[in-house]
Amino acid sequence: MKITKIEKKKRLYLLELDETDKLYITEDTIVHFMLSKGMNISEQELKEIQDYTQFSYGKNLALYYLSFKQRTVKEVRDYLTKHGISLDTIEKVLTILIKDNWIDDRQYAYSFIHSNLLSGDKGAFVLKQKLAQKGITAPIIDEELCKFDFTEVSQKVAQKLLKKYQGKLPTKALHDKILQQLINKGFSYEEAKVAYQNLTIEDDDGNQQELLYKELDKQYRKYSKKYDGYDLKQRLTQALARKGYDFSDIASALREYL
């Protein structure tokens, strides 16, 4: 077979054989095989050109994907799969990119965790889930997480939660709310407890009482339509207790209210 045309078409080149057969190849392929117009190639050489073209195309796709930001092995594999690159070719591309440090799951995990400590609000448990979803293995995640202390970020998050909820919830409910939010963000119970203990919480009895009576009004409107007497008192007590109010405060408020 003779190469009768090599013509640039945007990112690829059109290779024409014997003025009839056509295929698209990459510039890397032309350089690798030193292809030129008028050159004769065998069936075996054509097969090698086709295989190398797919490898070169897959590698260029991966490098384009990596040019925007750091990626994991799984992310690059998924991207190439979506673009129709064969599994064998994908593994060859990944091997080269890992060898040349274009992809490094351990470095990705370290950077991901470090970035969260600088400007994020997540604890180790959530970060572990996110990194696992990106295909990073548990041993690598655990080893990288061990390099970091989440005390400062847990305290920063606790401060934000305090600012959000203080004055809106009774003391016990505030405590439970902050702890639960911290745990939901991936901090351990111990980290959440320490972060809460380090908060400066101003006890305002007047505000607490105001919150209690406001909630009592709300619950009374709800239950007084169906209950009265002892049953109403029990329903109100249970509802207010669930909101985090102390039983002695509830009893005192009910004595004045009912």
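Is Tyr79 buried or exposed, and at what relative accessibility?

1. **Tyr79 and its partner.** This is a predicted model. In it, Tyr79 has 12% relative accessibility, so Tyr79 counts as buried. The cut-off for buried is under 20%. Tyr65 has 15% relative accessibility, so Tyr65 counts as buried as well. Look for both rings in the structure above.

2. **A stacked pair.** The structure holds seven aromatic pairs. One of them joins Tyr65 and Tyr79, and this pair is stacked. The ring centres are 4.0 Å apart. The planes meet at 5°. Planes under 30 degrees apart count as stacked, so the label follows from the angle. The pair links distant parts of the chain. Tyr65 is in helix α2, residues 43-66. Tyr79 is in helix α3, residues 73-82. The two residues are 14 apart along the chain.

3. **A charge over a ring.** Tyr65 has another neighbour to check. Arg71 lies over the face of Tyr65, at 3.7 Å from the ring centre. A similar arrangement involves Arg11 and Tyr64. There, Arg11 lies over the ring face, 5.4 Å from the centre.

4. **A tilted pair.** Now turn to Tyr110 and Phe148. Their ring centres are 5.1 Å apart and their planes stand at 45°, so the pair is tilted. This pair also links distant parts of the chain, 38 residues apart. Tyr110 is in helix α5, residues 105-119. Phe148 is in the loop between α7 (138-145) and α8 (151-165). Tyr110 counts as partly exposed, at 34% relative accessibility. Phe148 counts as buried, at 15%.

5. **A ring cluster.** Which residues do ring pairs link into a cluster? They are Phe33, Tyr52 and Phe55. Find these rings in the structure above.

6. **A salt bridge within a helix.** Side chains of opposite charge can pair when their charged atoms come close. A search of the whole structure finds 14 salt bridges. One of them joins the side chains of Lys74 and Asp78, at 2.8 Å from N to O. Both residues lie in helix α3. They are four residues apart, about one turn of the helix. Lys74 is partly exposed, with a relative accessible area of 33%. Asp78 is partly exposed too, at 38%.

7. **Asp121 and two lysines.** Asp121 meets Lys122 in a salt bridge, 2.7 Å from N to O. Asp121 has a relative accessible area of 26%, so Asp121 is partly exposed. Lys122 is also partly exposed, at 24%. Asp121 forms a salt bridge with Lys185 as well, and here the closest N and O atoms are 2.9 Å apart. This second pair links distant parts of the chain, 64 residues apart. Lys185 is in the loop between α9 (171-184) and α10 (189-197). Asp121 is in the loop between α5 and α6 (124-133).

8. **A salt-bridge network.** Which residues are linked in a network of salt bridges? The members are Arg106, Glu143, Glu144 and Lys147.

9. **Helix α8.** How does the span of α8 compare with what 15 residues should give? At 1.5 Å a residue, the helix should span 21 Å. The expected span uses one less than the number of residues, so the 15 residues of α8 give 21 Å. The end C-alpha atoms are 21 Å apart, which agrees. Several residues of α8 are buried, including Val153, Val157, Leu161 and Tyr165. Ser154, Ala158 and Leu162 are buried in this helix too. The buried residues of α8 pack against α5, α9 and α10. After the helix comes Gly167, with a positive phi near 90°.

10. **Two residues with positive phi.** Lys10 is not a glycine, yet its phi is positive, about 55°. Lys10 is found in the loop between β1 (3-9) and β2 (12-17). At 78% relative accessibility, Lys10 counts as exposed. Asn101 is not a glycine either, and its phi is positive, about 65°. Asn101 sits in the loop between α4 (87-99) and α5. Asn101 is exposed, with a relative accessible area of 61%.

Key: Residues are numbered from 1 along each chain as its sequence is written. This is a predicted model: local features need pLDDT of at least 70, side-chain atom pairs count only at pLDDT 80 or more; totals for chains, interfaces and linings use all residues. Side-chain values use heavy atoms; hydrogens and water are left out. Rings of Phe, Tyr and Trp (its six-membered ring) pair if their centres lie within 6.5 Å; planes under 30 degrees apart count as stacked, over 60 as edge-to-face and the rest as tilted. Buried means under 20% relative accessible area, exposed over 50%, partly exposed in between (1.4 Å probe, protein chains only). A charge sits over a ring if NZ of Lys or CZ of Arg is within 6 Å of the ring centre and within 35 degrees of the ring normal. A salt bridge is a side-chain nitrogen of Lys or Arg within 4 Å of a carboxyl oxygen of Asp or Glu. Contact means heavy atoms within 4.5 Å.
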